[in-house]
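Trainee: Could we take a close look at one part of this model, starting from a single pair of side chains and working outwards to what surrounds it?

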Amino acid sequence: MHRVVALVHPPQSTFELACAAEVFGTERRGIPPRYTFGVCAEHPGPVTTRAGYDMLVTDGLDAFDRADTVVVPGWLPTEEPPSPAVVQALRRAHERGARVVSICSGAFVLAHAGLLEGRRATMHWALADEFAGRFPGVLVDPDVLYIDHGDVATSAGAAAGIDLCLHLLRTDQGAGYAAHVARHMVMPPHREGGQLQYSAPPHPAHVDGSLAPVLEWIAGRLGEPLTVEDLAAYVGVSARTLARRFAEQLGASPGQWLLSRRIAAARELLECSDLPLDAVARRVGLSSATNLRRRFLGALGTTPGAYRRAFRAEPTASGR
């Protein structure tokens with residue numbers, strides 16, 4: 001069992017904490033539990049929350065010593081630095097090999113601990129300027145929903161914590177397991193786009209219509225050799241206009257988005273079917289096993305064969 005421990009701090013945001021608790025700490029019928037979840041505080045006892053009630057926390061910072069993943073689900077006020085005891089506990093957990101994760105303003109704590117120096121990080125778009133001014137050695141990206149370095153990960157504000165936790169679930173247990181959990185949560189297993197679509201109302205000149213119809217059209221044709229020109233022709237706009245819409249609404253180019261969908265489809269086939277790599281590549285529009293390996297390695301840092309061995313579901317008949 002993978003042990004997840006969240007650090008709570010008064011006044012604790014209950015939603016950021018719930019993001020981690022819902023993904024890692026909830027047992028669901030038909031889904032084998034693979035995580036244990038707990039909370040700790042620097043000073044065990046009643047911890048005030050922003051929701052108007054106290055929570056009773058019985059574990060102290062030594063809980064980090066038993067954790068595989070440590071989560072900092074927000075930190076308010078952001079002007080308050082963590083104590084030396086919290087900083088040392090985080091560093092000790094990281095040095096021991098635990099994954100350290102922040103949700104929203106929790107990135108301030110990771111930065112104080114020196115875990116983000118020289119690295120990209122994200123947090124709520126409204127806090128990005130403050131964070132960048134206080135931690136010039138961190139490369140702040142205020143657009144993305146989350147950034148995962150493997151040993152350290154940060155997420156944007158509030159609900160983006162769910163995006164990051166589902167991503168970590170997918171990394172640990174495979175796309176199939178994460179999809180089952182997301183389905184129980186009535187959530188998409190992967191949310192498109194970045195923070196900029198939420199940070200401010202779009203300029204009226206930029207409201208060109210939803211991409212939903214073309215995204216649905218693409219999803220049904222992943223095996224076809226689609227080009228950006230094909231997508232633009234379906235929508236009835238120029239390739240340049242389509243690229244602008246993708247950048248505004250999804251934070252990616254049409255080609256990048258299409259490749260990400262093809263990789264996602266390949267992951268599912270590798271987990272749930274016996275299809276040879278050439279057949280998987282053709283089904284998702286990547287033409288050959290060689291191209292699939294190259295694209296897979298670039299996107300996930302591993303080969304299709306290694307991914308299949310790591311996340312293979314129960315054997316099934318070929319093609320099912």
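Which residue forms a salt bridge with Arg-119, and how far apart are the closest N and O atoms?

Mentor: The partner of Arg-119 is Asp-151, and the closest N and O atoms of this salt bridge are 2.9 Å apart. Arg-119 sits in the loop between helix H3 (107–112) and strand S7 (120–121), while Asp-151 belongs to the loop between S9 and S10, so the salt bridge ties together parts that are 32 residues apart in sequence. A salt bridge here is a side-chain nitrogen of Lys or Arg within 4 Å of a carboxyl oxygen of Asp or Glu, and the helices (H or I, at least four residues) and strands (E, at least two) are DSSP runs numbered from the N terminus.

Before going further, please keep in mind that this is a predicted model, in which local features need pLDDT of at least 70 and side-chain atom pairs count only at pLDDT 80 or more, whereas totals for chains, interfaces and linings use all residues. Residues are numbered from 1 along each chain as its sequence is written, and side-chain values use heavy atoms, with hydrogens and water left out.

Arg-119 is partly exposed, with a relative accessible area of 23%, and Asp-151 at 22% relative accessibility likewise counts as partly exposed; the cut-offs are under 20% relative accessible area for buried and over 50% for exposed, with partly exposed in between, for a 1.4 Å probe and protein chains only. A further salt bridge brings in the residue that follows in the numbering, since the side chains of Asp-141 and Arg-120 meet with an N to O distance of 2.8 Å. That pair also links distant parts of the chain, with Asp-141 in the loop between strand S8 (139–140) and S9, and Arg-120 in strand S7, 21 residues apart. Arg-120, at 35% relative accessibility, counts as partly exposed.

These two pairs belong to a set of seven salt bridges in the model. Another member of that set joins Asp-65 to Arg-92, the closest N and O atoms being 3.2 Å apart. Here the loop between S4 and S5 supplies Asp-65 and helix H2 (residues 84–96) supplies Arg-92, and 27 residues separate the two.

Now to the strands on either side of the loop that holds Asp-151. S9 and S10 run antiparallel and are joined by three bridges, and one of the bridge partners across them is Thr-154 in S10 for Ile-147. Both strands belong to an open sheet of six strands with mixed pairing and the order S2-S1-S5-S6-S10-S9, where two strands pair if DSSP finds at least two bridges between them. Strand S2 (35–40) and strand S9 (146–148) are the edges, and since each has a single partner strand, one side of each is left without a neighbour in the sheet. Neighbouring strands of this sheet are turned by 15 degrees against each other on average, direction ignored. Helix H1 packs on the sheet and touches S1, S2, strand S5 (69–73) and S6, its direction making about 155 degrees with that of S2; axes are lines fitted to C-alpha atoms, for helices over the stretch in contact, and angles run from 0 to 180 degrees between N-to-C directions.

Within strand S10 (residues 152–155), Ser-155 deserves separate attention. Ser-155 counts as buried because its relative accessibility is 0%. Leaving aside neighbours within four places in sequence, its contacts (heavy atoms within 4.5 Å) include Ser-102, Ile-103, Cys-104, Thr-122, Met-123, Tyr-146 and Leu-164.

Finally, consider the nonpolar packing, where a nonpolar core is a set of buried Ala, Val, Leu, Ile, Met, Phe, Trp, Tyr and Cys residues joined through side-chain atoms within 4.5 Å. The largest nonpolar core has 34 residues, and among those that touch the most other members are Val-8, Phe-24, Leu-166 and Leu-169. Strand S1 (2–7), helix H1 (14–24), strand S6 (99–103) and helix H5 (160–173) are among the elements that each supply at least two residues of this core, and H5 gives the most, with seven residues. Phe-24, again leaving aside neighbours within four places in sequence, is in contact with Val-4, Tyr-35, Phe-37, Cys-165, Leu-168 and Leu-169. A second, separate core of 33 residues includes Val-72, Trp-75, Val-86 and Ala-121.
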